[in-house]
Amino acid sequence: MLSKTSRIPGFYKLPIEERLKIVAEYAGLTQDEIELLKKTGNLDLSIADRMIENVIGTMAYPFAIAVNFLINNRDYLIPMVIEEPSVVAAASNAAKWARAKGGIFTSSTGPIMIGQIQLTRVKDPWGAKMKILEHKNDLIRIANEQDPTLVNLGGGAKDIEVRVIDTAKGPMVITHLIVDVRDAMGANAVNTMAEAVAPYIEDLTNGKVFLRIITNLADKRLVRARTVIDKNEIGGEEVVDGIVEAWAFAAADPYRAATHNKGIMNGIIAVALATAQDHRALEAGAHAYAARFGHYTSLSTWEKNENGDLVGTLEMPMAVGLVGGAVKTHPIARIAIKILGIKTANELGEIMAAVGLIQNLAALKALVTEGIQKGHMKLHARNIAIMAGATPDILDKVVEIMINEGKIRFDRAKEIVEQLKKH
Ligand code: MEV
């Protein structure tokens with residue numbers, strides 16, 4: 001019986017075939033699923049044509065696995081789809097550091113999304129607000145009539161909130177429909193409900209409703225992650241202090257915060273792509289949440305605890321779904337969910353928060369120590385060496401020589417390969 005640990009030393013050194021075998025055993029993938037992963041054209045044109053309009057082909061991206069993740073005392077292999085080198089390696093590395101103190105711990109608010117109904121042209125906006133609130137139960141009933149399945153699952157519209165806002169076109173009365181979307185991302189359910197209640201709001205207030213749409217600032221659907229990193233795992237207290245100062249920089253300066261948060265999103269969006277989520281919604285939610293105090297800031301925090309260890313936290317909106325949308329239609333997304341071994345959208349969101357936090361740690365550690373170019377260069381050198389014909393037995397050596405010489409070039413790689421092969 002294979003022990004279910006995600007701690008797989010040297011995973012990156014194995015041939016693709018071996019890696020796939022390990023993941024297949026771990027996740028219990030079928031032969032068909034294994035074959036599909038190996039096939040670069042793994043999205044049938046007929047499926048693609050049903051997903052969006054005007055399809056003329058498909059485009060493949062690398063699908064990788066980040067190892068070493070321990071989240072809430074359970075091991076996870078993390079599927080990631082991304083075009084940027086170093087991200088998967090960095091996540092796997094930093095996830096390993098986190099294991100010494102128990103990994104990453106997560107929580108969430110639950111799958112609550114908000115639909116906005118924009119009421120304009122009312123003479124008495126405060127009166128209109130109260131009228132809408134007086135009819136809260138009717139609004140919730142109308143909303144829930146749209147989606148009996150969701151209601152049966154325990155979800156549905158639960159509450160309303162009403163805000164009067166000042167705009168360039170005068171005051172507007174904005175109704176927020178608060179909807180428990182269970183395992184859906186929620187846009188379809190919420191938008192349908194928002195459209196259904198709009199005429200009732202117009203009748204109540206004699207105003208004019210224009211927009212009826214979900215907000216991506218999903219601040220009632222938050223996921224949270226926390227980790228403690230043993231100082232000795234990352235090079236001692238000086239590195240801990242450096243990371244805390246790097247965080248303080250991001251917390252204070254929007255120019256830095258944008259890049260800091262981009263590093264977090266490197267991990268989150270890679271999982272979002274692997275699981276076919278609406279990653280634009282996630283980006284929008286993340287950055288809007290990062291600006292919720294009126295200035296744009298870091299989504300994560302990094303502190304030093306009484307032992308001198310590093311404590312990291314992340315809190316952000318995470319509108320992800322397991323039902324509806326491409327996660328159900330894209331065969332590789334279904335495999336990604338199987339590899340994660342999860343049953344609910346909440347779980348997926350929490351895992352993504354854990355990955356985001358760890359990705360952030362990996363970037364900060366590199367930035368406060370050797371800089372990020374060294375890792376990139378190593379990967380670059382590996383690719384050049386392989387292109388120049390380096391076989392696995394000499395690959396590490398070729399990379400080492402090129403890095404030591406500071407010359408990462410195809411012609412030099414070829415020379416080294418030839419020399420090493422001669423001996
Ligand atoms: C690069 O994709 C991400 C980083 O810039 C993140 C950061 O600066 O924290 C390395």
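Two helices, H10 (254-274) and H14 (345-368), each put at least two residues into the shell around the ligand. H10 is the top contributor, giving six residues to that shell. Keep in mind that this is a predicted model.

So who's actually sitting around the ligand? The neighbours are Glu 84, Arg 256, Thr 259, His 260, Lys 262, Gly 263, Asn 266, Ala 363, Leu 367 and Ile 372. Sorted by class, that shell is a mix: three nonpolar, four polar and three charged residues.

Three of the neighbours put a polar side-chain atom close to a ligand oxygen, and here are the distances:

| Residue | Atom on the protein side | Atom on the ligand side | Distance |
|---|---|---|---|
| Glu 84 | polar side-chain atom | oxygen | 2.7 Å |
| Lys 262 | side-chain N or O | oxygen | 2.7 Å |
| Asn 266 | side-chain N or O | oxygen | 2.9 Å |

As for cover, the ligand on its own exposes 300 Å², and the protein buries 86% of that.

Now for a helix pair, H16 and H17. H16 spans residues 392-405 and H17 spans residues 410-422. Their axes come within 10 Å of each other and cross at roughly 130°. Angles over 145 degrees would count as roughly antiparallel, and 65 to 115 as roughly perpendicular. The H16 and H17 pair is therefore classed as oblique. As for handedness, the crossing of H16 past H17 is right-handed.

Technical notes: Residues numbered from 1 in each chain as written. Predicted model: local features only at pLDDT ≥ 70, side-chain atom pairs only at ≥ 80, totals over all residues. Heavy atoms only, no water. Near = heavy atom within 4 Å. Polar contact = N/O pair within 3.5 Å; in protein donor to acceptor, adjacent residues only side chain to side chain. Areas by Shrake-Rupley, 256 points an atom, 1.4 Å probe, with all protein chains shown as cover. Helix = DSSP H or I, 4+ residues; strand = E, 2+ residues; numbered from the N terminus. Nonpolar A, V, L, I, M, F, W, Y, C, P; charged D, E, K, R; others polar. Axes fitted to C-alpha atoms, helices over the stretch in contact; angles between N-to-C directions. Parallel < 35°, antiparallel > 145°, perpendicular 65-115°, else oblique. Left-handed = near helix turned anticlockwise from the far one by under 90°.
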